[in-house]
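User: I've got this model open and I'd like a close look at one part of it. Could you walk me through the open sheet and what packs around it, and then carry on to the neighbouring topics?

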Amino acid sequence: MSSARNVVTAAGARHTSGRPHGQGDRPVAAARSGQPGYLQPTGSTRTLERGLDGGSVRRSVLPGGLRVVTERIPGVRSASVGIWVSVGSRDEQPAVAGAAHYLEHLLFKGTVRRSSIGISEEIDAVGGELNAFTAKEHTCFYAHVLDDDLPLAVDLVSDVVFNAVCAERDMETERSVVLEEIAMRGDDPEDLLQEAFCEALLGSHPLGRSVLGTEQSITAMTRGALYGFYRRRYVLPKMVLAVAGNVEHSAVLRLARKALGDRLAGDSAPAAPRAGKIRVPRGPGLVLHTDDTEQAHLMLGVRALDRHDDRRFTLGVLNAALGGGMSSRLFQEVREQRGLAYQVYSSVASYADTGSLCFYAGCQPDRLGEVAGVIRDVLAKVAAEGLSAAEVARGKGQLRGGLVLGLEDTSSRMSRIGKSELNYADHLTVEQTLGCVEAVTEEDVATLARQLLRRPMAVSVVGPYGHRDDLPAAVHEMIG
């Protein structure tokens, strides 16, 4: 069980009318799979993809608003099952900050049918995996088993999600575990840095808060508050059951109906994906965590694209070329040419209504100013001149390879179809996604770089600095 960072990949699609944000009539606009999942009639099934090898992706909408999405993968002997819930840390009020992650722990402590040890024994008896993770906009409970054990996996995951007891004694046990996890976060400078960056960029908005919550919010949370959050939020219209592997769609539907029983009733429709309607305020710009570390850890970045923006493929190429590998601009300038840092990279996060493009480096504390200055100069040059044709080509190659190689197992396939349905109510084939990446041009990248890299910067630092005034001038100069 773990929290998860929201890192964007070149997958999924968005349903809007009119032209896309920035790429004109590009493949993204033409690659829709058809009717979005939240508009599909209850009781119907749609085939979203059919492969030459006999594989297929299908979606059904069951009574009560639950969507079931499956990917049949011929030739494998495993199956992965996930229940995706459109509930994450951004849905929490400050008084229950960390509730979604707390629940992720608590739901495994026992159901009306199974004890905690019973849950563990059943999944261990078939050599499977049962786990969960929490992110800022969703939570996923999943199992990975042999294909013959698919009925057990669907039943176990459904039982945990829908029938948890959430007993007071179990809540107290898990409270201690969550508090330990919060304490452990402070021992990992990169985790602490990431959270500090979110705070610097997004401030008091729920997206700027830690998925884990705080020691104060977890300590004060009552069983009534947590159980109420569970019952109000974990509802079928906000859920997707995703299954990938050696499976048949009709068999998965039978298993879902058996596991959920009377819950599959009523005329509720699936919830539409989160949309970009909330204005996110700016954060403080600079957050310092004083820590007696051997290295100084620096993260800086800008507001970027929400996940519904079709330019996300262009952003993926820009990100890969700037800091995605050993040939990237930042790696070459900071490490290879100057030897200023061992690790340097960039990353992208995307949410329903905002996103970020950020850059990390770890270095000796007395080199922090020089590292910040080099990164600043690299970004300014790319904003002014764009990237070379070779850099854009390498960035596209990284995205293509990462996408295809990342789908070599049923767990990854399940995650792809589940997250895509939850976030977009749509499905792009791998070929369509690769086409969207290939359509990105040097001009697209240069235009987006000019727009993003000239935005106000947010900066976070973890290291042996007692006060923000102790930070080098180059760090302060980066703050917008």
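Here is a walk through the sheet, followed by some helix pairs, an enclosed strand and two odd loop residues.

Analyst: Keep in mind that this is a predicted model. Let's start with the open sheet. It has 5 strands in the order 9-13-10-12-11, and the pairing is mixed. Strand 9 (286-290) and strand 11 (343-350) sit at the edges, each pairing on one side only. On average, neighbouring strands of this sheet are turned by 15° against each other, ignoring direction.

Take the edge at strand 9. Its partner is strand 13 (residues 458-463), and the two pair in the parallel sense over 5 bridges. If you want a spot to click on, Leu288 stands opposite Val461 in strand 13.

Now for the helices on this sheet. Helix 6 (residues 189-202) lies across strand 9, strand 10 (296-303), strand 11, strand 12 (355-363) and strand 13, and it runs at about 35° to strand 10. Helix 10 (residues 312-323) also packs on the sheet, where it touches strand 11 and strand 12. The direction of helix 10 makes about 165° with that of strand 11.

Helix 10 has a helix partner as well. It packs with helix 16 (residues 442-452) at an angle of about 80°, and the axes are 9 Å apart. That angle makes helix 10 roughly perpendicular to helix 16. On the helix 10 side you'll find Thr314, Leu315, Val317 and Leu318, which meet Asp444, Val445, Leu448, Ala449 and Leu452 in helix 16. Sorted by class, the residues of this contact are 7 nonpolar, 1 polar and 1 charged.

Compare that with helix 11 (residues 329-336) and helix 12 (residues 368-385). Their axes come within 10 Å and cross at roughly 150°, so helix 11 is roughly antiparallel to helix 12. The crossing of helix 11 past helix 12 is right-handed. Helix 11 brings Arg329, Leu330, Glu333 and Val334 to the contact, while helix 12 brings Val374, Ile375, Val378, Lys381 and Val382. By class, this contact has 6 nonpolar, no polar and 3 charged residues.

Another helix pair is worth a look: helix 3 (residues 116-125) and helix 4. They pack at an angle of about 160°, with axes 11 Å apart, and are therefore roughly antiparallel to each other. Here the crossing is left-handed. Ile119, Glu122 and Ile123 in helix 3 meet Leu152, Leu156 and Val160 in helix 4. That contact divides into 5 nonpolar, no polar and 1 charged residue.

Helix 4 (150-162) turns up again around helix 8 (residues 223-233). Leu226, Gly228, Phe229 and Tyr230 of helix 8 are buried, and what covers the buried residues of helix 8 includes helix 2 (99-106), helix 4 and helix 5 (168-185).

Next, strand 8 (residues 239-245). What encloses it? 7 of its 7 residues are buried, so strand 8 is largely enclosed by the rest of the structure. Side chains in a regular strand alternate between the two faces of the sheet. In strand 8, Met239, Leu241, Val243 and Gly245 point one way, Val240, Ala242 and Ala244 point the other way, and all are buried. Strand 4 (residues 67-72) runs parallel to strand 8 and is joined to it by 6 bridges, with Arg67 standing opposite Val240. Strand 5 (residues 78-85) runs antiparallel to strand 8, joined by 7 bridges, and there Val81 stands opposite Val243.

Finally, two loop residues to check by eye. Cys166 isn't a glycine, yet it has a positive phi of about 55°. Cys166 sits in the loop between helix 4 and helix 5, and at 4% relative accessibility it counts as buried, the cut-off being under 20%. Ala425 is not a glycine either, and its phi is positive at about 55°. You'll find Ala425 in the loop between helix 14 (410-424) and helix 15 (430-438), where it is buried with a relative accessible area of 0%.

Technical notes: Residues are numbered from 1 along each chain as its sequence is written. This is a predicted model: local features need pLDDT of at least 70, side-chain atom pairs count only at pLDDT 80 or more; totals for chains, interfaces and linings use all residues. Side-chain values use heavy atoms; hydrogens and water are left out. Two strands pair if DSSP finds at least two bridges between them. Helices (H or I, at least four residues) and strands (E, at least two) are DSSP runs, numbered from the N terminus. Axes are lines fitted to C-alpha atoms, for helices over the stretch in contact, and angles run from 0 to 180 degrees between N-to-C directions. Contact means heavy atoms within 4.5 Å. Buried means under 20% relative accessible area, exposed over 50%, partly exposed in between (1.4 Å probe, protein chains only). Angles under 35 degrees count as roughly parallel, over 145 as roughly antiparallel, 65 to 115 as roughly perpendicular and the rest as oblique. A crossing is left-handed if the near helix is turned anticlockwise from the far one by less than a right angle, and right-handed if clockwise. Ala, Val, Leu, Ile, Met, Phe, Trp, Tyr, Cys and Pro count as nonpolar, Asp, Glu, Lys and Arg as charged, and the others, Gly among them, as polar.
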